Amino acid sequence: MRSEQLTRPPVRGGATDATAVAHPNIALIKYWGKSDERLFLPRTDSLSMTLDIFPTTTRVRLAPDADRDTVTFNGERAGGEAARRIAAFLDLVRERAGSTERAVVDTENTVPTGAGLASSASGFAALAVAASAAYGLDGDPRALSRLARRGSGSASRSIFGDFAVWHAGTDDLSSYAEPVDAAAGLDPALVVAVVNAGPKEVSSREAMRRTVDTSPLFEPWALSSKDDLLDMRSALSLGDLDAVGEVAERNALGMHATMLAARPAVRYMSPASLTVLDAVLQLRRDGVPAYVTMDAGPNVKVLCRRADSGRVATAVRAAAPDSAVHTAGPGRGARLLTEDGR
């Protein structure tokens, strides 16, 4: 399996109107904690799998006569913090393009927002690609990854398909994602259990700050994450899905342990989350290789072989009957769409 890079024809002078689609990614080696909040530089490297479900489609149209940016989110006018973040991101694009033109942004997002399902990753990856094309930036994938990072750190990885590693870096130029090759025989699936699609009580941004500043477990986890990344890359290159799952599970549970040790504690796991975790342990006892990963939210992702995904999904539904269960495979990177949607 070779990670797909975003490809597109160079844009000369700006398309004035561009539409892009991107998918969320789920980190198998987690991003948790920033070393620079302004530049979105992470404390550690991370590695993810881009999904083939929950796309975000974003259209950016330049509006020369407008005095401000307009943002529509799933058909409704956006305001507040969401609109502010998008306008700030467009300011970065305009600065690089040498433009002062405002834009109309129309986003259709199928990811539950703010629930720990990487909605900001697909959102800012799609926005980075569409805005770069509309404003005439001829950015290569690495440049787009750096740009997407400024909207949401994990968006740097959604520029790429399949598996991607995000290098933490020390400044704007050295912090970017790039594809990671995996063995051809690896055929993974992620069974996603949405036990709660609502927004989190504690935002990821606040939880990261609190964990880094107060948790005595954060620094040991960050140090061990370096070894986890080496082990993960080795497992992917060998096509060893069991090793991939074991490393992903220990890294994710370690991250949640750092949050529980924060002061005051940050607890995203719910009773339904723990019920799914118990179901996954039972699957392993029954001889089905399945492994848990969780981001900043109660929703659980279960890594397994594609051939086992039906059985895993059935077990997850039985454990959490009120949850929505989706099965994802590796997805494509962010890309521009033509006028007919291709």
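Let's start with phenylalanine 218, which is buried in this predicted model, with a relative accessible area of 0%. Its partner in what I want to show you is tryptophan 221, also buried, at 5% relative accessible area. Both residues belong to helix 6, which runs over residues 218–238, and they sit 3 residues apart, about one turn of the helix. A search of the whole structure gives 3 aromatic pairs. One of them is phenylalanine 218 with tryptophan 221, at 6.0 Å centre to centre and with 45° between the planes, a tilted arrangement.

Staying with rings for a moment, have a look at tyrosine 268. What sits over its ring? The charged end of lysine 200 does, 5.6 Å from the ring centre.

Now along to helix 7, residues 241–260. Those 20 residues reach 29 Å from the first C-alpha to the last, close to the 28 Å expected at 1.5 Å a residue. At the start of this helix, aspartate 240 has a side-chain oxygen that comes within 3.3 Å of the backbone nitrogen of aspartate 242. Further on, in the loop between helix 7 and helix 8 (271–285), you will find proline 264. The peptide bond joining arginine 263 to proline 264 is cis, with omega at about 0°. If you like checking backbone geometry, please do pull that one up.

There are two more backbone angles for you. Which phi value does phenylalanine 40 have? It is near 55°, a positive value in a residue other than glycine. Phenylalanine 40 lies in the loop between strand 3 (34–36) and strand 4 (41–42). Is phenylalanine 40 buried or exposed? With a relative accessible area of 10%, phenylalanine 40 is buried, because the cut-off for buried is under 20%.

Aspartate 162 also has a phi near 55°, again positive in a residue that is not glycine. Its loop lies between helix 4 (155–158) and strand 10 (163–167). Aspartate 162 is buried, with a relative accessible area of 12%.

And here is another aspartate, number 69, in the loop between strand 6 (56–63) and strand 7 (70–73). It counts as buried, at 13% relative accessibility. What does the side chain of aspartate 69 contact? One polar contact goes to the side chain of arginine 94, at 2.8 Å. A polar atom of the aspartate 69 side chain also lies 2.8 Å from the backbone nitrogen of alanine 103. So, for those of you who like to follow a single side chain around, aspartate 69 reaches both a side chain and a backbone nitrogen.

Last stop, the sheet. Here 4 strands form an open sheet in the order 13-14-12-15, with antiparallel pairing. Which strands are at the edges? They are strand 13 (290–294) and strand 15 (324–328), each pairing on one side only. On average, neighbouring strands of this sheet are turned by 25° against each other, direction ignored.

If we zoom in on one edge, strand 13 pairs with strand 14, residues 300–305, in the antiparallel sense over 5 bridges. Within that stretch you can pick out valine 292, which stands opposite valine 302 in strand 14. That pair of valines is a handy place to park the viewer while we talk.

That's my tour, and I'm happy to rotate back to any of these spots.

Notes
Residues are numbered from 1 along each chain as its sequence is written. This is a predicted model: local features need pLDDT of at least 70, side-chain atom pairs count only at pLDDT 80 or more; totals for chains, interfaces and linings use all residues. Side-chain values use heavy atoms; hydrogens and water are left out. Rings of Phe, Tyr and Trp (its six-membered ring) pair if their centres lie within 6.5 Å; planes under 30 degrees apart count as stacked, over 60 as edge-to-face and the rest as tilted. Helices (H or I, at least four residues) and strands (E, at least two) are DSSP runs, numbered from the N terminus. Buried means under 20% relative accessible area, exposed over 50%, partly exposed in between (1.4 Å probe, protein chains only). A charge sits over a ring if NZ of Lys or CZ of Arg is within 6 Å of the ring centre and within 35 degrees of the ring normal. The expected span of a helix is 1.5 Å times one less than its number of residues. A polar contact is a pair of N or O atoms within 3.5 Å; within protein, one must be able to donate a hydrogen and the other to accept it, and residues adjacent in sequence count only if both atoms are side-chain atoms. Two strands pair if DSSP finds at least two bridges between them. Axes are lines fitted to C-alpha atoms, for helices over the stretch in contact, and angles run from 0 to 180 degrees between N-to-C directions.
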